[in-house]
Amino acid sequence: MTSSPSSDELTRLAGQVRTEIARLAYHLRTPATRSGITPTRLAALAAVARHPGGLRQGDLADLMNVSPPSMTRLVEIMTEAGWIERERDPSDHRALLLVLTPVGEKTLERLRTESASVLSAELADLTDTERAALEAAVPVLRKLADRHVEGPRGG
């Protein structure tokens, strides 16, 4: 029978996981930053992509924990780049939804492909045991990430 980890053990593990994920994420963002896409713009682009029916600007600000004025500027930049566009909300014609454009889809796909290519080459250098451990961790990491992506309202 296993015992529950102590609060100190959980805090230590949380710090280690956060540090290593941040280090890896920084490395994987390199193709985007070389293309002039900041991490915030990339995160916003990915968030809009996860909502194919569109997303209100305020909801995007909440998801990203960004102030409304900052989100307004970010949306302007993304619109000017041709990555997103504003469309009327069919359920409330007074409101606007942010939707990914074909240019935004292609940009995001290109960046994901470049990033996956870099990581794929690095995974090839791992042992079978290391790759198996990493594969086993993916569902756990997804579960943790989904809690943040979905936000406090659960969706």
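**Figure 1. The whole chain, read from start to end, follows the pattern α-α-α-α-α-β-β-α-α.** That makes seven helices and two strands; helices (H or I, at least four residues) and strands (E, at least two) are DSSP runs numbered from the N terminus. This is a predicted model, where local features need pLDDT of at least 70 and side-chain atom pairs count only at pLDDT 80 or more, while totals for chains, interfaces and linings use all residues. Residues are numbered from 1 along each chain as its sequence is written, and side-chain values use heavy atoms, with hydrogens and water left out. The C-alpha trace spans about 60 × 35 × 25 Å along its principal axes. Of the 155 residues, 23% are buried; buried means under 20% relative accessible area, exposed over 50%, and partly exposed in between (1.4 Å probe, protein chains only).

**Figure 2. Here is the largest nonpolar core, with 22 residues.** A nonpolar core is a set of buried Ala, Val, Leu, Ile, Met, Phe, Trp, Tyr and Cys residues joined through side-chain atoms within 4.5 Å. Leu 45, Leu 60, Met 71, Met 78 and Ile 84 have the most contacts inside it. At least two core residues come from each of H3 (39-49), H4 (57-64), H5 (68-80), S2 (92-100) and H6 (102-124), and H3 gives the largest share, six residues. Zoom in on Leu 45: leaving out residues up to four places away in sequence, Leu 45 touches Met 78, Trp 83, Ile 84, Leu 100, Gly 104, Thr 107 and Leu 108. Contact means heavy atoms within 4.5 Å.

**Figure 3. Helix H4 has Leu 60, Ala 61 and Met 64 buried.** Why do they sit on the same side of H4? Because they cover an arc of only 100° around the axis, the arc being that of the directions from the helix axis to the C-beta atoms. An α-helix has 3.6 residues a turn, so residues three or four places apart point the same way. H3, H5 and S2 are among what covers the buried residues of H4. Just past H4 comes Asn 65, in the loop between H4 and H5. Asn 65 is exposed, with a relative accessible area of 71%, and its phi is near 55°, a positive value in a residue other than glycine.

**Figure 4. The largest pocket has a volume of about 2,200 Å³.** On a 1 Å grid over the protein atoms alone, a pocket is an open set of points where a 1.4 Å probe fits, with protein on both sides within 12 Å along at least five of seven lines; lining residues have an atom within 4 Å of a point. Of the 42 lining residues, Ile 21, Ala 25, Leu 28, Leu 141 and Ala 145 lie nearest the pocket's centre. Helix H7 (128-149) brings the largest share of the lining, twelve residues. Sorted by class, the lining has 29 nonpolar, four polar and nine charged residues.

**Figure 5. Two residues of helix H6, Ser 115 and Glu 105, get a closer look.** Ser 115 is buried, with a relative accessible area of 15%. Apart from neighbours within four places in sequence, Ser 115 is in contact with Leu 28 and Pro 31. Glu 105 is partly exposed, at 47% relative accessible area. From Glu 105 to Ala 133, count 28 residues in sequence and 32 Å in space, C-alpha to C-alpha.

Methods:
Points joined across faces, edges and corners; volume = space filled by probe spheres on them. Nonpolar A, V, L, I, M, F, W, Y, C, P; charged D, E, K, R; others polar.
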